[in-house]
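Me: I am new to this structure and would like to go through it step by step. Could we begin once it is on the screen?

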Amino acid sequence: MAVVGPLARVARLGSSICRNHRLILNRSSQRRGIASCIDPAHGLTDEQKEFQKVAFDFAANEMAPHMAEWDQKEIFPVETMRKAAQLGFGGIYVQPDVGGSGLSRLDTSVIFEALSTGCVSTTAYISIHNMCAWMIDTFGNNEQREKFCPDLCSMEKFASYCLTEPGSGSDAASLLTSAQRKGDHYILNGSKAFISGGGDTDVYVVMCRTGSKGPKGISCVVVEKGTPGLSFGKKEQKVGWNSQPTRAVIFEDCAVPVTNRLGEEGQGFSIAMKGLNGGRINIASCSLGAAHACVQLARDHLLVRKQFGETLSNNQFLQFKLAEMATKLVASRLLVREAATALQENRSDAVSLCSMAKLFATDECFNICNQALQMHGGYGYLKDYAVQQFVRDIRVHQILEGTNEVMRMIISRNLLTES
Ligand SMILES: Cc1cc2nc3c(=O)[nH]c(=O)nc-3n(C[C@H](O)[C@H](O)[C@H](O)COP(=O)(O)OP(=O)(O)OC[C@H]3O[C@@H](n4cnc5c(N)ncnc54)[C@H](O)[C@@H]3O)c2cc1C
């Protein structure tokens, strides 16, 4: 595949600046290399390895040194994200004619996995931003694409995805935010809950009801910050994901031009779900990055910590646990990459595979990180050690972009209804 757009620069940069990449994850880390059996570069093309090196390098140099501070001070690292966008990470799978990098879903997964080793929370927000930019690029007309995508790809502007409401979470198609047409505007009334980036972002991709009950009555409109009638709730206090704000987004007689609607009236739910297929791979990839980092942190800790007169790495129980963690990491990665390929190829199994990947990887990677914390003993519970932040940051991946129970619903529906 030809490398286009900003990532062409990335590929060139990669070969020059990333040869000596090492993860810097923990103050106690011995900064060892990556064991070959868990090496995330396996199976990738040379070009993908270059993107990956650049993303690992960015994670190690620009994110990992700050991830604890961003978490503790709840800093939304706008300038760091803009630097990431200069490498092409603001619109990874957006088309190049509007500033995107035009890369595949697999490339995207590889990049988000690597970035997450430096800060899961920041990477997860970047992934949501990418999903919104892709939705506008894919379902918007040329005028909309040209208006919104370049600023999103450069991360001059930031985007939020607005589906969930206080009364509709897992049952997203029951959403109530109304959009009544008045001339050449929709008048929006209602509120969205738990919106990532909410209040700090500029472009809101909003699913709202223009028609009757159910999914067919939903449309998708882009609401710009500053539109009269758009306001935000208080910043939520969260267990993790603290480098990105989460707020309610409120619409009170908020007039949005009809020209901001993506696709046709009634297509909004389908657009939202198509966005989420990729979103689920991206979030699963963020979990992979956390698990990859935690396996290495656990290994490093076992190799240096002594109890009962020898290093913990001599204990067979802990050796076996580490082996299980590594095995589950690699299994998760294989499934995520298979789902990314299925989505890229528009295969009939893509929706189920994206759900399987999200379910499996986010559950298994959480268990891996939690086990890594356990292996650190009391130190794992201290904020001086990165492992606890990985645990806190990826817990929510089992809940959002469709809970893992909803993933089971999607997979079983496919199994039981498709002949
Ligand atoms: C930090 C954070 C960021 C978020 N960011 C965004 C965002 O940017 N945009 C956005 O639109 N949303 C966002 N969300 C919302 C998220 O997608 C929802 O929280 C999620 O979809 C679940 O909805 P809910 O919280 O209303 O839970 P509920 O739907 O009330 O579910 C509660 C529990 O019941 C289970 N459950 C529900 N129905 C069933 C069923 N039929 N069978 C089995 N189990 C069931 C669920 O799986 C869950 O475990 C975010 C949430 C969080 C916490």
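Me: Which residue just after α9 takes a positive phi?
Reply: That residue is Asn-346, with a phi of about 55 degrees. Please keep in mind that this is a predicted model.

Me: And how far apart are the end C-alpha atoms of α9?
Reply: Helix α9 covers residues 316–344, and its end C-alpha atoms are 42 Å apart. Its 29 residues should span 42 Å at 1.5 Å a residue, so the two values agree.

Me: What is the corresponding span for α10?
Reply: Helix α10, residues 350–375, should span 38 Å with its 26 residues, and its end C-alpha atoms are 36 Å apart, which agrees. After α10 comes Gly-377, which has a positive phi near 60 degrees.

Me: How many residues of α10 are buried?
Reply: Of its 26 residues, 22 are buried, so α10 is largely enclosed by the rest of the structure.

Me: Let us turn to the core. Which residues have the most contacts inside the largest nonpolar core?
Reply: They are Val-205, Cys-294, Ala-339, Ala-357, Cys-369 and Ala-372, in a core of 128 residues. Helix α8, residues 268–304, contributes the largest share of this core, with 17 residues.

Me: What is Ala-357 in contact with?
Reply: Apart from neighbours within four places in sequence, Ala-357 is in contact with Arg-280, Ile-281, Ala-284, Leu-335, Val-336 and Ala-339.

Me: Now α7, please. How many residues does it have?
Reply: Helix α7 has 12 residues, 142–153. From its first C-alpha to its last it reaches 16 Å, close to the 16 Å expected at 1.5 Å a residue.

Me: Which residues of α7 are buried?
Reply: The buried residues are Arg-145, Phe-148, Cys-149, Leu-152 and Cys-153. They cover an arc of only 120 degrees around the axis, and therefore lie on the same side of α7.

Me: What do they pack against?
Reply: Their packing partners are the helices α4 (78–86) and α6 (120–139), together with the strands β1 (159–162), β4 (203–209) and β5 (218–224).

Me: What comes just after α7?
Reply: Met-155 follows just after α7, with a positive phi of about 60 degrees. Met-155 sits in the loop between α7 and β1.

Me: Why mention the sign of phi?
Reply: Most residues other than glycine have a negative phi. Met-155 has a positive value although it is a residue other than glycine. Phe-194 is another such residue, with phi near 60 degrees.

Me: Are those two buried or exposed?
Reply: Met-155 is buried, because 23 other C-beta atoms lie within 10 Å, and a residue counts as buried from 20 upwards. Phe-194 lies in strand β3 and also counts as buried, with 21 C-beta neighbours inside 10 Å.

Me: Back to α4 for a moment. What does Ala-84 touch?
Reply: Ala-84, which lies in helix α4, touches Phe-58, Phe-89, Gly-90 and Ile-126, with residues up to four places away in sequence left out. Ala-84 is buried, with 24 other C-beta atoms within 10 Å.

Me: And what about Thr-80?
Reply: Thr-80 also lies in helix α4. With the same exclusion of residues up to four places away in sequence, Thr-80 touches Glu-62, Met-63 and Thr-122. The C-alpha atoms of Thr-80 and Glu-62 are separated by 6.9 Å, although the two are 18 residues apart along the chain.

Me: Changing topic: is Gly-199 buried or exposed?
Reply: Gly-199 is partly exposed, because 18 other C-beta atoms lie within 10 Å. Its place is in the loop between β3 and β4. Not counting residues up to four places away in sequence, Gly-199 touches Phe-232, Lys-235, Pro-245 and Arg-247.

Me: Finally, which residues come nearest to the ligand?
Reply: Of the 20 residues around the ligand, Gly-169, Ser-170, Ser-196, Thr-403 and Glu-405 come nearest. At least two residues of the shell are supplied by each of β1, β3 (185–196) and α12 (404–417).

Me: What classes of residue make up that shell?
Reply: The shell around the ligand has 11 nonpolar, seven polar and two charged residues.

Notes
Residues numbered from 1 in each chain as written. Predicted model: local features only at pLDDT ≥ 70, side-chain atom pairs only at ≥ 80, totals over all residues. Helix = DSSP H or I, 4+ residues; strand = E, 2+ residues; numbered from the N terminus. Expected span 1.5 Å × (residues − 1). Buried ≥ 20, exposed ≤ 12 C-beta atoms within 10 Å, placed from the backbone. Arc of directions from axis to C-beta. Contact = placed C-beta atoms within 7 Å. Core = buried A, V, L, I, M, F, W, Y, C linked by C-beta atoms within 7 Å. Near = placed C-beta within 6 Å. Nonpolar A, V, L, I, M, F, W, Y, C, P; charged D, E, K, R; others polar.
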